[in-house]
Amino acid sequence: MSEPGSLLRSLSGRSTARNFHSHVINEIGAGVISGRYPIGSVLPNDAELMADFEVSRTVLREALKTLEAKGLLEARPKVGTKVSQRNRWNLYDPQVLAWHLDAPADEEFLTGMQEVRRALEPLAAGQAAKRRSADQIRLMLYWIRQMETSLSSAQNFVLADFELHRIIADAAHNPFLRALYGVIELSHAFAYQRLVLQPDEEALLPFLDKHRALVTRIEYGDEAGAREAMLDTIAHDCAKALLR
């Protein structure tokens, strides 16, 4: 399973070590999302896939089962393993979301992701303003300080930004809002991808200012202000994502 933050850590181009099982999952999963394995098509048979990936039948079958659980594949008797229709894909699965980062641009997907954030993250911020603990406020302020000291490292800056959003979701004390972690991480990856590859400290300052204002509203218990501040941060993220 993909760990929170792993997609953002990969933005610099440094690859992470994978075992055979996760390699097969990643290659086939990314292939489905990118269209290399088209929707409705039947995957090559086991013998071909085992040869392509140089893995055993056991490793291959376990990888295919994992992708079936994510809704990307479905095994059909006497037919083989087919690529599922898009409406079966589990778009709250962090790995399924992450594979969209390098896939061809999909306007419907990007619009939907932004709409989900605008609908639910302001709710989380408003609830956090009412329900946050003193420890959670200290953590939010900690991640703001990490953003302040990471202006020369966009990679560290975006990780601090993401952790701040995770704390806010936790402070809302709503388990369904925590399910947004993958959506939030992918949205941040789209917004920061260019800045990680082409560092620009000045371009990071507006991100910092908007998040500082957001934490201030939550710290003051200003529910309406926190919602508005979250909408402002999301609008900025979305605008930057369009420039990638």
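# Questions about helix 7 and its surroundings

Reader: Which helices are included in what covers the buried residues of helix 7?
Author: Keep in mind that this is a predicted model. Helix 7 spans residues 134-148, and its buried residues are Q136, I137, M140, W143, I144 and M147. What covers them includes helix 6 (107-131), helix 8 (154-171) and helix 11 (201-219).

Reader: Within what arc do the buried residues of helix 7 fall?
Author: Let's start with a general point: an α-helix has 3.6 residues a turn, so residues three or four places apart point the same way. In helix 7, the buried residues include M140, W143, I144 and M147. Looking down the axis of helix 7, you find its buried residues along one face, because they fall within an arc of 125 degrees.

Reader: What span is expected for helix 8, at 1.5 Å a residue?
Author: Helix 8 has 18 residues, and its end C-alpha atoms are 26 Å apart. That agrees with the span expected at 1.5 Å a residue, which is 26 Å.

Reader: How many residues of helix 8 are buried?
Author: Helix 8 is one of the helices covering the buried residues of helix 7. Helix 8 is itself mostly covered, and of its 18 residues the buried ones number 15.

Reader: Which helix gives the most to the largest nonpolar core?
Author: A general tendency is a good place to begin: in soluble globular proteins, nonpolar side chains tend to be buried together. Here the largest nonpolar core has 53 residues, and M140, I168 and Y192 have the most contacts inside it. Helices that each supply at least two residues of this core include helix 6, helix 7, helix 10 (181-197) and helix 12 (223-241). With ten residues, the one that gives the most is helix 8.

Reader: Which residues does M140 touch, not counting those up to four places away in sequence?
Author: M140 is a buried residue of helix 7, and it is among those with the most contacts inside the largest nonpolar core. Leaving out residues up to four places away in sequence, M140 touches R132, L164, I167, I168, A171, V215 and I218.

Reader: Is H211 buried or exposed?
Author: You can find H211 in helix 11. Buried means under 20% relative accessible area. The value for H211 is 1%, so H211 is buried.

Reader: Which side chain does a polar contact of 2.9 Å join to that of H211?
Author: Leaving aside neighbours within four places in sequence, H211 is in contact with I144, M147, D161, L164, H165 and T233. Of these, I144 and M147 are buried residues of helix 7. The polar contact of 2.9 Å joins the side chain of H211 to that of D161.

Reader: What phi does K78 take in the hairpin of strand 1 and strand 2?
Author: Strand 1 (residues 73-76) and strand 2 (residues 80-83) run antiparallel and are joined by four bridges. Three residues lie between the strands of this hairpin, and K78 is in that loop. K78 is exposed, with a relative accessible area of 92%. Although K78 is not a glycine, its phi is positive, about 65 degrees.

Reader: Is E54 buried or exposed?
Author: E54 sits in the loop between helix 3 (46-53) and helix 4 (57-69). E54 is not a glycine, yet it has a positive phi of about 55 degrees. A residue over 50% relative accessible area is called exposed. E54 has a relative accessibility of 67%, so it counts as exposed.

Note on methods
Residues numbered from 1 in each chain as written. Predicted model: local features only at pLDDT ≥ 70, side-chain atom pairs only at ≥ 80, totals over all residues. Heavy atoms only, no water. Expected span 1.5 Å × (residues − 1). Buried < 20%, exposed > 50% of the residue type's maximum accessible area, 1.4 Å probe, protein only. Arc of directions from axis to C-beta. Contact = heavy atoms within 4.5 Å. Polar contact = N/O pair within 3.5 Å; in protein donor to acceptor, adjacent residues only side chain to side chain. Pairing = 2+ DSSP bridges. Core = buried A, V, L, I, M, F, W, Y, C linked by side-chain atoms within 4.5 Å.
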